[in-house]
Amino acid sequence: MANLSIFSARLKNARIMKGLSMDELCAAMGNVVSKMAISKYENGQLAPNSRVIIALSKALGLPIDYFFRPFTVQVDSVRFRKKSTLPQKKENSLRETIADLMERYINIEEICSTAAEKHRLPQIKANSAEEVKMAAAIVRKEWKLGLAGIVNVIDLLENHGVKVIEIDAPESFDGMSSLVNEKFHVVILNKAFSVERKRFTALHELGHLVLRFPKSIDKKKEESFCHLFASEMLVPEPELKRILGKARKDISYQELRAIQLGYGISCDAIMYKAKECGIISEQRYRTFCIQKNKATKFKALIETSLYHDEESTRFVSLVYKALSKELITISKAASLLHQNIEQVRRDLALV
């Protein structure tokens, strides 16, 4: 078989991505091959026939051409920034999933000649909370955002060269950011989270890409600064003080709700920011937290998601753009989207 080394590596990556052991993969294939055969395929010691390749494709839910596609993204370049709380097996699966998505994303950008590398993110020194606030103000100014709420955070990042990828992940996975292949800025989000949490996480991860911290900074402080950056991007301190006033004893839920709807930031994050800005006291914030944790209905009200949903659509849009312009075939589009051809035909719906 030509490109046996590519096939063997792809097979192992696909199995890890699906979180399957060799025994589990054999079972998913209906035991048409043994565990020893799978091991030999993955080590490049044996070439499978076409029947086995089809069985592998079905069992792993991947198009056949996936197993022969040259590598353009190395999994090692997808780095979790901090020690993950995920089980090693799930972390490995996520790495493979992200690498695969990145490969397909880069491929369609090259086909459409719309590579986002022409965008350059600002790199801003951040040694203190004040410098972090200033950094957020600089980004807002460069991106012409003014003080208004950001209508769609994901679109904003993608329009400035950051690839945003949403994945199915455990509750313990918020998100991550990375510079893949030393070239592509990418933010990964947990698609199961509320829109307010996704927006905040996306901008938190942007902070990791934009802010330049001193080498001596500890990870807890770095995370705190990125939280502050996200908060300032969503609703700048001067704007929050304009809305609520510089000092308050109490804040009504209706006020929080109006800010949540206008700026896409959760009530919890608004209250925390109000405390950090000195609008309310530390004691008042603690009282809010105690009240929320004691009253089930109040907690549900505070944590209700109200902002309009947003999701990453650029990758899918590029695939259908290329298809409608006849830059790729339906078969290629299906391969990029990991969908069957019939589904792609239905979704194409040319007008």
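**Exercise 1. Cavities**

Find how many cavities of 30 Å³ or more the predicted model holds, and describe the lining of the largest cavity.

Solution.

Step 1. The count comes to 2 cavities of 30 Å³ or more in this predicted model.

Step 2. The largest cavity contains about 50 Å³ of space. Its lining is made of 10 residues, and those closest to the centre are Arg-10, Asn-13, Glu-96, Ala-99 and Asp-100.

Step 3. Sort the lining of the largest cavity by class: 5 residues are nonpolar, 1 is polar and 4 are charged.

Step 4. Assign the lining to helices. At least two residues of the lining of the largest cavity come from helix 1 (4-17), and at least two from helix 5 (88-112). Helix 5 gives the largest share, 4 residues.

Step 5. Assign the lining to domains. Domain 1 (1-70) and domain 2 (75-234) each contribute at least three residues to the lining of the largest cavity.

**Exercise 2. The second largest cavity**

State the volume of the second largest cavity, list the residues that line it, and identify which helix supplies the largest share.

Solution.

Step 1. The volume of the second largest cavity is about 30 Å³.

Step 2. Its lining consists of Asp-65, Arg-69, Arg-104, Asn-107, Lys-332, Ser-335 and Leu-336. By class, the lining of the second largest cavity divides into 1 nonpolar, 2 polar and 4 charged residues.

Step 3. Helix 5 and helix 16 (330-337) each provide at least two residues of this lining. The largest share, 3 residues, belongs to helix 16.

**Exercise 3. A salt bridge between helices 1 and 3**

Count the salt bridges in the model, then examine the pair Glu-42 and Arg-15: where does each residue lie in the chain, and is Glu-42 buried or exposed?

Solution.

Step 1. The count comes to 27 salt bridges.

Step 2. In the salt bridge between Glu-42 and Arg-15, the closest N and O atoms are 2.5 Å apart. Glu-42 sits in helix 3 (residues 35-42) and Arg-15 in helix 1, so the pair links distant parts of the chain, 27 residues apart.

Step 3. Buried means under 20% relative accessible area. Glu-42 has 10% relative accessibility and therefore counts as buried. Arg-15 has 11% and therefore counts as buried.

**Exercise 4. Two further pairs**

For the salt bridges Arg-197 with Glu-171 and Lys-292 with Asp-268, give the N to O distance and the exposure of each residue.

Solution.

Step 1. Arg-197 and Glu-171 meet through their side chains at 3.4 Å, N to O. Arg-197 belongs to helix 8 (residues 195-210), while Glu-171 is in the loop between strand 2 (163-167) and strand 3 (175-180), 26 residues apart.

Step 2. Arg-197 is partly exposed at 32% relative accessibility, and Glu-171 is exposed at 57%.

Step 3. For Lys-292 and Asp-268 the N to O distance is 3.0 Å. Lys-292 is in helix 13 (residues 282-294) and Asp-268 in helix 12 (residues 267-276), so this salt bridge ties together parts 24 residues apart in sequence.

Step 4. Lys-292, with 10% relative accessibility, is buried; Asp-268, with 26%, is partly exposed.

**Exercise 5. A network**

Which residues are linked in a network of salt bridges, and which of the network residues appear in the cavity linings named above?

Solution.

Step 1. The network links Arg-10, Arg-69, Asp-100, Glu-103 and Arg-104.

Step 2. Compare with the linings. Arg-10 and Asp-100 are among the residues closest to the centre of the largest cavity. Arg-69 and Arg-104 are among the residues that line the second largest cavity.

Technical notes:
Residues are numbered from 1 along each chain as its sequence is written. This is a predicted model: local features need pLDDT of at least 70, side-chain atom pairs count only at pLDDT 80 or more; totals for chains, interfaces and linings use all residues. Side-chain values use heavy atoms; hydrogens and water are left out. On a 1 Å grid over the protein atoms alone, a cavity is a set of points where a 1.4 Å probe fits but cannot get out, and a pocket is an open set with protein on both sides within 12 Å along at least five of seven lines; lining residues have an atom within 4 Å of a point. Grid points are joined across faces, edges and corners, and a volume is the space filled by probe spheres set on the points. Ala, Val, Leu, Ile, Met, Phe, Trp, Tyr, Cys and Pro count as nonpolar, Asp, Glu, Lys and Arg as charged, and the others, Gly among them, as polar. Domain bounds come from an automatic or database domain assignment. A salt bridge is a side-chain nitrogen of Lys or Arg within 4 Å of a carboxyl oxygen of Asp or Glu. Buried means under 20% relative accessible area, exposed over 50%, partly exposed in between (1.4 Å probe, protein chains only).
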